[in-house]
Amino acid sequence: MRGLYALKPWYTRRLDGIVRWAEDRDVSPDVFTWLGVLSAAAAGVVIALGWWLPALLLLAGRLAGANLDGAVARARGVSRPWGFVVNEIGDRVSDLLMFAGLAVLLGRLQGGAAVGFVLVAAVVATLPTFVSLAGAGAGAPRINGGPFGKTERCLAVVLMVAMPGLSPLLLAVMIGLSLATATTRLRQLRRVLG
């Protein structure tokens with residue numbers, strides 16, 4: 001199952017004009033990584049304030065930055081191992097900023113137990129990435145996709161901002177499907193690495 005990651009080619013085509021613009025001007029792919037992080041930081045603030053529509057737009061910007069860095073690197077022929085590291089750090093920082101905003105919002109609305117639940121979800125949501133990075137370190141291709149990856153996390157957070165009362169259910173779904181995603185990726189890696 002690829003989850004919403006299956007929409008990445010469609011989303012990348014929507015960003016083609018930006019890729020061509022960056023290619024024509026020799027813009028570093030890292031610029032888009034950090035624009036995505038800045039978008040995530042702003043999203044963390046509006047999430048903490050409970051503003052779901054700006055959160056949706058800013059998290060779409062965060063995903064655009066995460067998509068554009070690789071697309072621009074490939075288009076310019078400047079893909080490099082250090083870019084991979086910058087991309088991964090940017091993605092992890094972006095997730096932390098998003099979850100921090102959610103913890104503030106739910107802590108204010110529902111108390112300390114909700115903050116603990118967000119922290120558990122944030123930790124478990126990183127497991128699929130750890131599995132993928134461990135596999136890449138062992139020589140396997142980088143595995144992405146679902147059933148619950150980065151795009152699904154962003155969508156779930158927007159839903160929790162819009163409907164905080166659903167957060168216990170959505171956090172439980174995030175935890176369960178993140179574990180399922182990590183398990184799915186482990187199985188794929190086992191087949192690839194033998």
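The following conversation concerns a predicted model and its cores, helices, pocket and cavities.

User: Where should I start? How many residues are in the largest nonpolar core?

Analyst: The largest nonpolar core has 29 residues. Those with the most contacts inside it are Ile47, Leu59, Phe99, Leu102, Val157, Met160 and Met174.

User: And which elements give two or more residues to this core?

Analyst: They are helix H3 (29-49), helix H4 (52-76), helix H5 (81-110), helix H6 (112-125), helix H8 (150-162) and helix H9 (167-193).

User: What does Leu102 touch?

Analyst: Setting aside residues up to four places away in sequence, Leu102 touches Ile47, Val118, Val157, Met160 and Leu171. Apart from the largest core lies another, of 9 residues, including Leu15, Ala22, Leu68 and Val72.

User: Turning to H8, which of its residues are buried?

Analyst: The buried residues of H8 are Glu152, Arg153, Cys154, Ala156, Val157, Val158, Met160 and Val161. They pack against H3, H4, H5, H6 and H9.

User: How far does H8 reach from its first C-alpha to its last?

Analyst: H8 has 13 residues and reaches 19 Å, close to the 18 Å expected at 1.5 Å a residue.

User: What about H5: how far apart are its end C-alpha atoms?

Analyst: They are 43 Å apart, which agrees with the 44 Å that the 30 residues of H5 should span at 1.5 Å a residue. Just after H5, Gly111 takes a positive phi of about 95°.

User: Now the pockets. What volume does the largest one have?

Analyst: The largest pocket has a volume of about 1000 Å³. It is lined by 43 residues, and the closest to its centre are Tyr5, Lys8, Ala66, Asn67 and Lys150.

User: Which helix gives the most to that lining?

Analyst: H4 gives the most, with 10 residues. By class, the lining of the largest pocket divides into 19 nonpolar, 11 polar and 13 charged residues.

User: How many cavities of 30 Å³ or more are there?

Analyst: The structure holds 2 such cavities. The largest cavity has a volume of about 40 Å³. Its lining includes Thr33, Arg62, Asp69, Asn87 and Asp91, and H3, H4 and H5 each supply at least two residues of that lining. The classes there are 2 nonpolar, 6 polar and 3 charged.

User: And what lines the second largest cavity?

Analyst: The second largest cavity is lined by Asp95, Leu96, Phe99, Ala122, Ala125, Thr126 and Arg153. H5 gives the most to this lining, with 3 residues. Two residues named earlier return here: Phe99, from the largest core, and Arg153, a buried residue of H8.

Methods. Residues are numbered from 1 along each chain as its sequence is written. This is a predicted model: local features need pLDDT of at least 70, side-chain atom pairs count only at pLDDT 80 or more; totals for chains, interfaces and linings use all residues. Side-chain values use heavy atoms; hydrogens and water are left out. A nonpolar core is a set of buried Ala, Val, Leu, Ile, Met, Phe, Trp, Tyr and Cys residues joined through side-chain atoms within 4.5 Å. Buried means under 20% relative accessible area, exposed over 50%, partly exposed in between (1.4 Å probe, protein chains only). Helices (H or I, at least four residues) and strands (E, at least two) are DSSP runs, numbered from the N terminus. Contact means heavy atoms within 4.5 Å. On a 1 Å grid over the protein atoms alone, a cavity is a set of points where a 1.4 Å probe fits but cannot get out, and a pocket is an open set with protein on both sides within 12 Å along at least five of seven lines; lining residues have an atom within 4 Å of a point. Grid points are joined across faces, edges and corners, and a volume is the space filled by probe spheres set on the points. Ala, Val, Leu, Ile, Met, Phe, Trp, Tyr, Cys and Pro count as nonpolar, Asp, Glu, Lys and Arg as charged, and the others, Gly among them, as polar. The expected span of a helix is 1.5 Å times one less than its number of residues.
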